[in-house]
Amino acid sequence: MSRYGMTRALARTTLTIGFAASLCASLQGCFLALAGAAGGTALVATDRRTVGSQTEDREIQVKALADLGKQLPDTAHVNVAVFNQRVLITGEVPDDASKQKAESIVRGVTNVASIVNELAVQPASSFSSRANDSYLEGRVKAELIAYKDISANNFKVVSERGTIYLMGLVTPEEGNIAANATAGVMGVAQVVKCYQYIDAQQAAVATAAAAPSAPAAPAAEAPMVGAVPDSGVTSQPIDHQPPAPVTNSSATRPGNSGAL
């Protein structure tokens, strides 16, 4: 197959995934129920969290999404990612009051240790933007797998409007390697580090403790809260770009447990 043909096939696949994601957003209640039911088999992906911690993270995510869907305006589009009881909130809300309300709602969920609020006050993202985010998450995960000095399993990758947020229990060196690798992925506009740092000894202990005895099931994709995106889709391949800027996340705020 020619390079052009491969590009077209990849674009069709990406748009199909994006459409499925947007459809799930419109059927939010059903999706959340399925996510909760599937949680038992999707929580054993190998990383430095224990199985118990992974289970708790999934429970936080499902509860937070349900509460946000009930209490925020229909025009809001909010994603929730959880790693080691740290909650990352991304997406778009119509005003600053909704942004602060979203944070308050998440803080009310049991066992939330800390919150990173990266919501943008602007109209909800488009269908093509969300499809591109799904594509970029896959590209970044594939890039991290290629690096022998880090384990891709120790990182959670979240894409929002071309910005990649990286979460995980990592050493500073691991965090920098992953961030720099991500910055070089075509199409990434910015990289934001939302890590919880540990030292090398803690990393070794956590990795050994979390090692599974059987092959891990793939983690379920995070559901979304918000309006169904528009249907205007375009695809423009990117051949070259300089590395994206790397920054730290906005101030991390305590959850209901008071931890950071």
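1. H3 and H4 (helices are DSSP runs of H or I, at least four residues, numbered from the N terminus) cross in a right-handed way; that label applies if the near helix is turned clockwise from the far one by less than a right angle. A quick caveat: this is a predicted model, where local features need pLDDT of at least 70, side-chain atom pairs count only at pLDDT 80 or more, and totals for chains, interfaces and linings use all residues. Residues are numbered from 1 along each chain as its sequence is written, and side-chain values use heavy atoms, leaving out hydrogens and water.

2. Who makes that contact (heavy atoms within 4.5 Å)? On H3 you'll find Ala-64, Asp-67, Leu-68 and Gln-71, facing Lys-101, Ala-102, Ile-105 and Val-106 on H4.

3. Now the sheet: 4 strands (DSSP runs of E, at least two residues) make an open, mixed sheet ordered E5-E6-E8-E11. Strands pair if DSSP finds at least two bridges between them. At the edges sit E5 (156-160) and E11 (246-248), each pairing on one side only. Strand-to-strand twist averages 25°.

4. Inside that order, E6 (residues 163-167) and E8 (residues 190-193) run parallel over 4 bridges. Leu-166 stands opposite Lys-193 of E8.

5. Two helices go with these strands. H5 (residues 127-145) lies across E5 and E6, at about 150° to E5; angles run from 0 to 180 degrees between N-to-C directions, with axes fitted to C-alpha atoms, for helices over the stretch in contact. H6 (residues 172-183) packs on the sheet and touches E6, E8 and E11, its direction making about 165° with that of E8.

How values were computed: Contact = heavy atoms within 4.5 Å.
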